[in-house]
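Q: I would like to learn how to read helix packing, burial and backbone geometry from a set of coordinates. Could we work through one example together?

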Amino acid sequence: MSKENSIGIIGSGSWATALAKILTDNGQHIHWWIRNEDTIRHMQQRHHNKHYLTSVYFDTSLLSLSNDIRAVVAACDVVVLAVPSAFLVDVLDQLPAEALEGKQIVSAIKGLVPGNNLLINEYLEQRFQLPATQYFTITGPCHAEEVANEKLSYLTFSGIHQASAQAIADRFTGSYLQTIVNTDMIGVQLAAVMKNIYALGAGIAHGLEYGDNFLSVYITNCFREMQTFLEQYEAQKAAQRGAGPMIHNYSASAYLGDLLVTCYSLHSRNRTFGNMIGKGYSVKAAQLELNMIAEGYYASKCMYEMNKNIGAYMPVAQAVYAVLWQQVHPSEAFLSLEKGFI
């Protein structure tokens with residue numbers, strides 16, 4: 001298999017496994033970095049990931065599995081990053097600075113880099129000097145569990161150049177996976193970060209026994225809050241560029257659609273995490289019970305710190321942050337939200 005026909009995946013969680021299924025179902029060979037050697041051996045012998053999406057079985061002739069991230073990256077012209085944002089720096093620290101030269105990097109990560117609150121493309125530019133033209137994103141609305149069951153799903157691929165993003169998207173398009181392409185590389189990343197915060201809040205509301213009537217109003221206000229932040233962020237960046245802000249359709253699938261499914265779906269780990277918090281679990285207990293990363297937990301702190309420079313009015317995100325990081329009781333935080341919704 002030539003390098004030009006190969007695509008690499010970094011990560012072995014549920015989303016990485018779903019993306020691997022999509023690509024191999026399309027007959028594509030993938031180089032797949034999996035940290036755990038035991039998981040690799042199991043997949044080679046039993047043809048499935050024993051930890052995530054265990055019902056998905058692979059044609060292993062289409063898989064080159066390795067725990068050597070340098071070898072996986074070197075073998076590919078397209079590399080998909082599908083590890084939790086909290087682990088990204090540790091994972092990529094194994095690579096030399098020149099490792100991504102000439103490669104197209106596709107981020108399937110729904111978070112910011114904790115600590116410095118960088119978007120994934122900003123971190124890759126600093127660490128690897130990756131040009132923005134070589135960076136792409138994958139966003140939803142799409143749950144890994146429905147991909148596993150081959151339920152019709154949609155993914156949005158974003159990049160500065162639409163034709164290049166379309167070429168990436170074409171590799172994923174299949175019988176149960178439709179693709180959408182746009183050029184709002186920054187906005188879709190921020191929307192993906194925020195929808196996890198709001199989904200966690202939706203879970204808290206459910207745990208507190210609020211009903212569907214409240215939840216519909218809650219999500220409506222979350223969308224308004226998200227749009228306000230994105231517009232103010234874009235306006236600030238446009239002023240720095242000395243240009244007018246770009247106008248985007250925030251009612252599209254990558255923004256509103258992803259927000260809706262993450263807040264409502266029982267597959268949503270952020271909603272599940274929030275539900276446990278609303279029922280009285282501590283953050284630590286909820287993390288242990290979930291046994292998966294809820295990106296909204298880290299995102300709430302990152303977004304709180306990022307918004308200090310943007311200044312958007314974000315009472316819902318502030319309330320979720322207060323519950324998770326300032327030990328405010330969930331019922332108190334949501335009581336303060338009730339009368340401010342429109």
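The dialogue below takes up a helix pair, a single helix, a buried loop residue and some backbone features in turn.

A: Before we begin, keep in mind that this is a predicted model.

Q: How are two packed helices described, and what are the values for α8 and α9?

A: In general, two packed helices are described by the angle between their axes and the distance between the axes. Here helix α8, residues 185–207, packs against helix α9, residues 212–241, at an angle of about 155 degrees, and their axes lie 10 Å apart. Because angles over 145 degrees count as roughly antiparallel, α8 is roughly antiparallel to α9. The crossing of these two helices is right-handed.

Q: Which residues of α8 and α9 meet, and what is their character?

A: On the α8 side the contact includes Ile186, Leu190, Met194, Ile197 and Tyr198, while on the α9 side Phe214, Leu215, Tyr218, Met226 and Phe229 are among the residues met. The residues of this contact divide into 16 nonpolar, two polar and two charged.

Q: What should I look for in a single helix such as α13?

A: A useful general idea is that an α-helix has 3.6 residues a turn, so residues three or four places apart point the same way. Helix α13, residues 295–310, has 16 residues and reaches 21 Å from its first C-alpha to its last, close to the 22 Å expected at 1.5 Å a residue. Its buried residues include Tyr297, Ala299, Met303, Met306 and Ile310, and the buried residues of α13 pack against α8, α9, α11, α12 and α14. After α13 comes Gly311, whose phi is positive, near 75 degrees.

Q: Is Ile109, in the loop between β5 and α5, buried or exposed?

A: Ile109 counts as buried because its relative accessibility is 8%, under the 20% cut-off. Leaving aside neighbours within four places in sequence, Ile109 is in contact with Leu81, Val83, Ser85, Leu88, Ile120 and Glu295, and Glu295 is itself listed among the buried residues of α13.

Q: Which backbone features in the loops deserve a careful look?

A: Consider the peptide bond from Gly140 to Pro141, which is cis, with omega near 15 degrees; Pro141 is found in the loop between β6 and α6. Then consider phi: Leu53, in the loop between α2 and β3, has a positive phi of about 45 degrees although it is not a glycine, and Leu53 is buried, with a relative accessible area of 14%. Glu150, in the loop between α6 and β7, also has a positive phi, near 60 degrees, but Glu150 is partly exposed, with a relative accessible area of 43%.

Terms used:
Residues are numbered from 1 along each chain as its sequence is written. This is a predicted model: local features need pLDDT of at least 70, side-chain atom pairs count only at pLDDT 80 or more; totals for chains, interfaces and linings use all residues. Side-chain values use heavy atoms; hydrogens and water are left out. Axes are lines fitted to C-alpha atoms, for helices over the stretch in contact, and angles run from 0 to 180 degrees between N-to-C directions. Helices (H or I, at least four residues) and strands (E, at least two) are DSSP runs, numbered from the N terminus. Angles under 35 degrees count as roughly parallel, over 145 as roughly antiparallel, 65 to 115 as roughly perpendicular and the rest as oblique. A crossing is left-handed if the near helix is turned anticlockwise from the far one by less than a right angle, and right-handed if clockwise. Contact means heavy atoms within 4.5 Å. Ala, Val, Leu, Ile, Met, Phe, Trp, Tyr, Cys and Pro count as nonpolar, Asp, Glu, Lys and Arg as charged, and the others, Gly among them, as polar. The expected span of a helix is 1.5 Å times one less than its number of residues. Buried means under 20% relative accessible area, exposed over 50%, partly exposed in between (1.4 Å probe, protein chains only).
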